[in-house]
Structure formats: C-alpha cells, structure tokens
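Student: I would like a close look at a single part of this chain. Please take one strand pairing and work outward from there, in short steps.

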Amino acid sequence: QVQLVESGGGLVQPGGSLRLSCAASGSIFSIYAMGWYRQAPGKQRELVAAITKSGSTHYADSVKGRFTISRDNAKNTMYLQMNSLKPEDTAVYYCNVDLLGVGTLRDDYWGQGTQVTVSS
C-alpha cells in the first residue's frame with residue numbers, strides 16, 4: 001500500500017508565505033514525477049507545479065516567481081514553498097505522485113488535499 005500525506009496548509013494574509021509538504025510512504029520501488037495541483041471552489045483542478053526525478057521543474061504562469069517546488073528523493077518527500085501569496089491562490093492543494101510500487105504497476109497517486117486560504 002502507498003500513502004501520500006500532505007501538510008502545511010492554513011490561513012495566511014496576502015503577501016504571506018506557506019510551505020506545503022507531501023510525504024510518500026509504503027511499498028515504493030521508485031518515484032518518478034511529482035506535482036502539486038489545486039482546486040478552487042467552482043473551478044477545475046489545475047496544475048500548479050511539477051518536478052521530475054532529476055529535478056527539472058515546471059510552473060503555471062500564475063505562480064512563476066512566487067512558488068518553488070522541490071523534492072528530497074531520500075525521504076520520498078516533495079515541497080511547495082509559496083511566497084507573496086494572493087487571495088486568488090486560495091484553494092485545496094493536492095499532491096500527485098507518479099510511482100512504481102513494489103509488486104504493482106506504475107500509477108498516479110493523490111494526496112488527501114490541504115486547504116490554503118489567503119485572506120486578510
């Protein structure tokens with residue numbers, strides 16, 4: 001069994017910062033791409049940032065220069081440092097991991113989601 005546990009969400013004022021974490025655990029053979037998605041009320045889930053196993057990154061235009069994605073392969077953990085937060089960043093943030101489990105096929109796994117609210 002593979003489990004993704006997210007943490008770090010919360011309420012922050014505009015201009016503030018938060019750091020999200022996503023830790024993968026269980027019978028994992030290899031982790032490939034990892035990414036953060038978000039879904040605001042009434043909107044579709046969208047990709048925020050992604051990182052390959054080798055460290056190449058991709059960002060949505062709306063977060064470039066403000067968010068930084070990183071990963072610690074030794075800990076099977078991904079991070080999202082969010083700076084200069086805006087009210088429009090308010091959403092539930094989900095981590096997504098492409099991995100190969102022990103004795104299973106390669107597949108996408110999703111975290112449970114963590115709420116980020118940017119408001120004064």
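Tutor: Start with one residue pair. L18 sits opposite M82, a residue of strand 8. Bear in mind that this is a predicted model.

Now widen the view to the two strands. Strand 3 and strand 8 run antiparallel, with six bridges joining them. Both belong to an open sheet of four strands, ordered 1-3-8-7 and paired antiparallel. Strand 1 and strand 7 stand at the edges of this sheet. Each has a single partner strand, so one side of each lacks a neighbour in the sheet. On average, neighbouring strands here are turned by 15 degrees against each other, direction ignored. As background, strands of a sheet pair through backbone hydrogen bonds, either parallel or antiparallel.

Next, follow M82 inward. M82 is among the residues with the most contacts inside the largest nonpolar core, together with W36, L80 and Y93. That core has 31 residues. Several elements give two or more residues to the core, including strand 1, strand 3, strand 7 and strand 8. Strand 4, strand 5, strand 9 and strand 11 do so as well. The largest share, five residues, comes from strand 9.

Y93 shows how these parts meet. Leaving out residues up to four places away in sequence, Y93 touches both L80 and M82. Its contacts also include L20, W36, Y37, V48, F67 and V116. Charged residues appear in the list too, among them E6 and R38.

Strand 3 has a covalent tie as well. The structure holds one disulfide. C22 and C95 form this bond, with their sulfur atoms 2.2 Å apart. The pair links distant parts of the chain: C22 is in strand 3, C95 is in strand 9, and 73 residues separate them. The torsion about the S-S bond of C22 and C95 is about 55 degrees, so the disulfide is right-handed. Both C22 and C95 are buried.

Strand 3 also holds a residue of another kind. G26 lies in strand 3, but G26 counts as exposed, at 54% relative accessibility. The C-alpha atoms of G26 and Q1 are separated by 5.5 Å, though the two residues are 25 apart along the chain.

Now turn to the charges. A search of the whole structure finds five salt bridges. R66 and D89 form one of them, with the closest N and O atoms 2.7 Å apart. R66 lies in the loop between strand 6 and strand 7, and D89 in the loop between strand 8 and strand 9, so the pair ties together parts 23 residues apart in sequence. R66 and D89 are both buried. The two also belong to a network of salt bridges that links R38, E46, R66 and D89. R38 is the residue already met as a contact of Y93.

Two other salt bridges complete the tour. D98 pairs with R106, the closest N and O atoms being 2.7 Å apart. D98 is buried, with a relative accessible area of 15%, while R106 is partly exposed at 48%. The side chains of K64 and D61 meet at 3.1 Å, N to O. K64 counts as exposed at 52% relative accessibility. D61 is exposed too, with a relative accessible area of 65%.

Methods. Residues are numbered from 1 along each chain as its sequence is written. This is a predicted model: local features need pLDDT of at least 70, side-chain atom pairs count only at pLDDT 80 or more; totals for chains, interfaces and linings use all residues. Side-chain values use heavy atoms; hydrogens and water are left out. A disulfide is a pair of cysteine sulfur atoms within 2.5 Å. Buried means under 20% relative accessible area, exposed over 50%, partly exposed in between (1.4 Å probe, protein chains only). A nonpolar core is a set of buried Ala, Val, Leu, Ile, Met, Phe, Trp, Tyr and Cys residues joined through side-chain atoms within 4.5 Å. Contact means heavy atoms within 4.5 Å. A salt bridge is a side-chain nitrogen of Lys or Arg within 4 Å of a carboxyl oxygen of Asp or Glu. Two strands pair if DSSP finds at least two bridges between them. Axes are lines fitted to C-alpha atoms, for helices over the stretch in contact, and angles run from 0 to 180 degrees between N-to-C directions.
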